[in-house]
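User: Could you walk me through this chain with a few questions and answers? I would like to follow the reasoning behind each value.

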Amino acid sequence: MAEEKEKKNKKISKMTVDEIDAAIKKSAESMNGQSSQYIKHLRERKEELLAKK
């Protein structure tokens with residue numbers, strides 16, 4: 001249960017690519033779309049991480 005709370009409150013800047021993918025999927029399902037600010041920020045962070053590789 002402590003792990004679930006940590007994942008829920010984890011900052012975008014500390015997430016890995018896999019965690020970002022999971023967060024995008026979960027948010028898109030719960031928010032019924034891809035246009036929320038949270039999802040936009042997740043995608044921007046994912047692009048930053050992939051550009052570093």
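**Helices, contacts and core**

User: Happy to start with Val17: in which helix is Val17 found?
Analyst: Keep in mind that this is a predicted model. Residues 17-31 form one helical run, and Val17 is found in this run. The element to name is helix 2.

User: Is Val17 buried or exposed?
Analyst: The cut-off for buried is under 20% relative accessible area. Val17 has a relative accessibility of 18%, so Val17 counts as buried.

User: Which residues does Val17 touch, not counting residues up to four places away in sequence?
Analyst: Contact here means heavy atoms within 4.5 Å. With residues up to four places away in sequence not counted, Val17 touches Lys46, Leu49 and Leu50.

User: How far apart in space are Val17 and Arg45, C-alpha to C-alpha?
Analyst: Arg45 lies in helix 3, which covers residues 37-52, while Val17 is found in helix 2. In sequence the two are 28 residues apart. In space, C-alpha to C-alpha, the separation of Val17 and Arg45 is 8.6 Å.

User: And Arg45, buried or exposed?
Analyst: Let's apply the cut-off again: buried means under 20% relative accessible area. Arg45 comes out at 15% relative accessibility, and therefore Arg45 counts as buried.

User: Leaving aside neighbours within four places in sequence, which residues is Arg45 in contact with?
Analyst: Arg45 sits in helix 3. Once its neighbours within four places in sequence are left aside, the contacts of Arg45 are Ile12, Ser13 and Ile20.

User: Which element gives the largest share of the largest nonpolar core?
Analyst: This core has 9 residues in all: Met15, Val17, Ile20, Ala23, Ile24, Ala28, Ile39, Leu42 and Leu49. Two or more residues come from each of helix 2 and helix 3. The largest share, 5 residues, is supplied by helix 2.

User: Which residues is Ala23 in contact with, leaving aside neighbours within four places in sequence?
Analyst: Ala23 is one of the residues of the largest nonpolar core. Leaving aside neighbours within four places in sequence, Ala23 has contacts with Met15, Tyr38 and Leu42.

User: Zooming out, what pattern does the chain follow along the sequence?
Analyst: The chain has 3 helices and 0 strands. Read along the sequence, the pattern is α-α-α.

User: What share of the area that the chain exposes do carbon and sulfur atoms supply?
Analyst: Of the 53 residues of the chain, 23% count as buried. The chain exposes about 4,600 Å². The share of this area supplied by carbon and sulfur atoms is 51%.

Note on methods: Residues are numbered from 1 along each chain as its sequence is written. This is a predicted model: local features need pLDDT of at least 70, side-chain atom pairs count only at pLDDT 80 or more; totals for chains, interfaces and linings use all residues. Side-chain values use heavy atoms; hydrogens and water are left out. Helices (H or I, at least four residues) and strands (E, at least two) are DSSP runs, numbered from the N terminus. Buried means under 20% relative accessible area, exposed over 50%, partly exposed in between (1.4 Å probe, protein chains only). A nonpolar core is a set of buried Ala, Val, Leu, Ile, Met, Phe, Trp, Tyr and Cys residues joined through side-chain atoms within 4.5 Å. Accessible areas come from the Shrake-Rupley method with a 1.4 Å probe; for residues, only the protein chains shown count as cover.
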